[in-house]
Amino acid sequence: MKVTTAARANPGRLRALDWLRGIVMILMAIDHASAIYNAERVAEDNALLYVAGSALPTAQFFTRWITHLCAPAFVLLAGMSIALAGARKQGREEARAFDRHLLIRGLVLVALDLVYMSGLSGALLLQVLYALGIGMIALVPLRRLGPRWVLVMALAWMLVDEQITALVWGSSSPALALLLGYWKGDVGTILYPALPWLAIMMLGWVLGEHMARWHAGRASWSPVRVLALAGVAGLGLFALVRGLDGYGNMFLLREDSSLEQWLHVSKYPPSLAFMGLELGLVMSMLALLLWIEPRVRSRPNSPVLIYGQTALFFYLLHWPLLGLPAVLFGLFHRGGLGTAYLAAGIVLIVMIPLCRWYRGYKRAHPQGWARYI
């Protein structure tokens, strides 16, 4: 697979990255609609939540499973976007301004989880925005180490994460869960510990750095080739770790050889098997989309592209749009999968003009508050 010379010379904003974001935004809306309306939802995604021997109904399980792509895609693409944006900054002053932007945006994301998302849920809730924010803040110094060291550190952490997490597994300390593990207490829940998700963002940054170097003519392997090979490696790692059924599964082992048990991997926190599977799929999808991009006509107002270009705005707004009818009409966990898919579809339609308006506003005010959302 070969990218055209024009695309290599002038990548601009890569539609493939926005397409992938848009796809996972759709999957995310389905998952969150299911969390609100679906009484039979299956989401026991770690060894503490899952009760051995519990049923994994096929339709419910796979509705949840397809959405596991979302967080790894968000975090990996965030790292790639940071590398691509940073590569366009020339000179010391622009580089410093970019560092400030990353730091401020990271703090804004953490604050949104602490205030906005926790406010909507009525309790402390640290999820993907917290992980993204901490990752952006950490990348300010880490990216100065260079791609090779960042790659080594990211892969090393992925390999030893379970061994270190085992030391604090089941701990009642929320402070430890901010970095690794999973915590649920009277005041709230910490679902996304910083360190494993930072490793994923670091990997994304390395991939973005390679993409920037290739577009500048300083790398011989195309991003399509690198992503395709990395995707195959990730899927191979998943097959090995899940097949051995020991270390790398974050204590959530297979109970039999059914497809559901093979795919029932730990997301909270992400196990090596989870990262191999989901990142393998994400990178394979991105390789395909990058290959497709120069071969199709641009459609700037396609819903998938619009969602992908306004991902954080979509994320913040879709929660109240999904939740308000449930509050007004007493529909929390009163339906099934059909209700969840219907609610997600309605919200996705409503979000198209809202996201299109926001995209226009953000482009018209590039130095305003919208650059952080």
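This passage describes helix 7 and a set of salt bridges in a predicted model. Local features required a pLDDT of at least 70 and side-chain atom pairs a pLDDT of 80 or more, while totals for chains, interfaces and linings use all residues. Residues are numbered from 1 along each chain as its sequence is written, and side-chain values use heavy atoms, with hydrogens and water left out.

Helix 7 (helices being DSSP runs of H or I with at least four residues, numbered from the N terminus) covers residues 147–165. Its 19 residues reach 26 Å from the first C-alpha to the last, close to the 27 Å expected at 1.5 Å a residue (1.5 Å times one less than the number of residues). V150, A154, W157, M158, D161, E162 and T165 of this helix are buried (under 20% relative accessible area; exposed is over 50%, partly exposed in between, with a 1.4 Å probe and protein chains only). V160, also in helix 7, is partly exposed at 32% relative accessibility.

Eight salt bridges were counted, each a side-chain nitrogen of Lys or Arg within 4 Å of a carboxyl oxygen of Asp or Glu. One of them joins E293 and R15, with the closest N and O atoms 3.8 Å apart. This pair links distant parts of the chain, 278 residues apart: E293 lies in the loop between helix 12 and helix 13, and R15 in helix 2. E293 is buried at 10% relative accessible area, and R15 is buried at 14%. Within helix 2, R21 and D18 lie three residues apart and form a salt bridge at 3.0 Å, N to O. Both R21 and D18 are buried.

Conventions: Helices (H or I, at least four residues) and strands (E, at least two) are DSSP runs, numbered from the N terminus.
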